[in-house]
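Biologist: I am new to this structure and would like to go through it slowly, asking at each step what a term rests on. Could you show it to me before we begin?

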Amino acid sequence: MIAPVPTEKKPDEVPPANADGDEEEEIEEEGAHDAQGAGGEGKKKKKKKKPKKKSKLEQTEPPTVGLTKLFPDGKFPEGELHEYKDDNSYRTTSEEKRYDERMAMEDPEITYNNIRRAAEVHRQVRKYARKTIRPGMRMIDIAEMIENGVRNLVEEDGLESGVGFPTGLSLNHCAAHYSPNPGDTLVLGEKDVLKVDFGVHVKGRILDSAFTLNFDPTYDKLLEAVKAATDTGVREAGIDVRLGELAGYIQETMESYEVEVNGKVLPVKPIENLSGHSINPYQIHGGKSVLLVKNDDPTKMEEGEYFAIETFGSTGRGKVIEQGEVSHYARKVDAPHVPLRLTSAKSLLKSINKNFGTLPWCRRYLERAGESKYLLALNHLVSQGIVQDYPPLCDVRGAMTAQFEHTILLRPTRKEVVSRGDDY
Ligand code: 57R
Ligand code: CO
């Protein structure tokens, strides 16, 4: 549970005040302070100018400084490393695997530096979001604060770098795929449980990480259960691990928790029809789903793959249905090339291809790209199977749901939890 914090800390300007930047001349009186301490009319001796240490560029509040400025050598921090277990433990010291990794780092297509840059943007933006999001704020203002931070820090540049997908701000019994649409006047409440799920991409490498905020302690245990279940998933994931088995470990951890709500003890259930997922360049769902309930999916995790390990816990049925107005969309990777009779649909598709390609987006991003009165054309593209719509996914009213999510890399020598931070 987050305790109310004192008002906003004064933004610390970057760089320090003496704009002219030249070192202060310190003129020291010769002998002025000699032993007898008497002020002597000593000869004016020019003291050697000591280089004033360059003030380290720091992130501002709200975050505005592009990370290439904070990491001038272009090298971004490695995530949390885990050695592979059992018959993949040889990989840690394998010369061949270490060679493969060196090669990977030299290949602009494979280098881990892009996802690490996206991860550092995510950490710095969420640090500010976690201390700033408070009941009374409008959902649109929360979304734009996060998106402006991402665009500034990733130094947004069309499809080269930018926001990875719509900022998810699903509340209470809704677990995923809610983002405010234009005109949404919803305000965050004291008793709300908020899932903040936002993405950052660099050259199509999408960093997908999420956390849950609550502002009163009632559901602290639910958040603890889901954080532990996600950490189990992160720990047990690995090369050659079967997705169905991994789901079993996640379920075991989740179901070992219960929440007491107004004197009633409720079991924490993993949500059976939500999942984590593999991630491909410019494709948020890479085709492999990591479900949250044990199953016999024999599909294995493979070397070089990126996975979003995310778990959802609920005090309700542990099952979601599509509910409410759609905000989330994405052009299908293998969209059929059907002739579009509606000219407005043709030009809307052009705008989608130009601004998003196959990256997910929401209606606010469409309007930011200059589109208006697009709904008819958009629904036409959905009905033609060219664009997939993703309605909000909700358990029963009265249920409470929580989410935590990390992106992991299955590198040849070891697993890297690239989105790990000192917060979660
Ligand atoms: O990660 C249009 C998006 N994703 C944003 C994220 O799990 C995703 O439905 C997709 O914007 C589109 C799910 N699993 C079934 C396949 C069993 C959801 C929940 C988590 C989420 C948001 C997700 C899901 N499916 N794809 C990524
Ligand atoms: Co995800």
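Modeller: In this predicted model, the cobalt ion (ligand 2) has as protein donors Asp 208 (OD), His 277 (NE2), Glu 310 (OE) and Glu 405 (OE), which lie 2.1 to 2.4 Å from it.

Biologist: What makes these residues donors of the cobalt ion (ligand 2)?

Modeller: Donors are N, O and S atoms within 2.8 Å of the metal (3.2 Å for Na, K and Ca), and because water is not among the atoms, sites may look incomplete. The atoms listed lie 2.1 to 2.4 Å from the cobalt ion (ligand 2), so they meet that limit. Along the sequence the donor residues follow the spacing D-x68-H-x32-E-x94-E. Asp 208 lies in strand S8 and His 277 in strand S12 (residues 275-279), so this pair ties together parts that are 69 residues apart in sequence; strands (E, at least two residues) and helices (H or I, at least four) are DSSP runs, numbered from the N terminus.

Biologist: Why is Asp 208 called buried, and what of His 277?

Modeller: Buried means under 20% relative accessible area, exposed over 50%, and partly exposed in between (1.4 Å probe, protein chains only). Asp 208 has 2% relative accessibility and therefore counts as buried, and His 277, with a relative accessible area of 6%, is buried as well.

Modeller: Two notes on conventions belong here: residues are numbered from 1 along each chain as its sequence is written, while chains are lettered from A and ligands numbered from 1 in the order in which they are written. Local features need pLDDT of at least 70 and side-chain atom pairs count only at pLDDT 80 or more, whereas totals for chains, interfaces and linings use all residues, and side-chain values use heavy atoms, with hydrogens and water left out.

Biologist: How do you know that Arg 116 and Glu 416 meet in a salt bridge?

Modeller: A salt bridge is a side-chain nitrogen of Lys or Arg within 4 Å of a carboxyl oxygen of Asp or Glu. For Arg 116 and Glu 416 the N to O distance is 2.8 Å, so the pair qualifies. The pair links distant parts of the chain, since Arg 116 sits in helix H3 (residues 113-132) and Glu 416 in strand S21 (residues 414-417), 300 residues apart. Both Arg 116 and Glu 416 are buried. By this rule the count comes to 28 salt bridges.

Biologist: Lys 203 and Glu 160 also meet in a salt bridge; why are they called partly exposed?

Modeller: Their N to O distance is 3.5 Å. Lys 203 has 42% relative accessibility and so counts as partly exposed, and Glu 160, at 37%, therefore counts as partly exposed too.

Biologist: Why is the largest pocket said to lie between domain 1 and domain 2?

Modeller: Domain 1 (67-324 + 396-417) and domain 2 (330-389) both give residues to the lining, so the largest pocket lies between them; the domain bounds come from an automatic or database domain assignment.

Biologist: Which residues are closest to the centre of the largest pocket?

Modeller: The largest pocket has a volume of about 730 Å³, and of its 34 lining residues the closest to the centre are His 177, His 277, Ile 284, His 285 and Tyr 390. A pocket is an open set of points, on a 1 Å grid over the protein atoms alone, where a 1.4 Å probe fits, with protein on both sides within 12 Å along at least five of seven lines, and lining residues have an atom within 4 Å of a point.

Key
Points joined across faces, edges and corners; volume = space filled by probe spheres on them.
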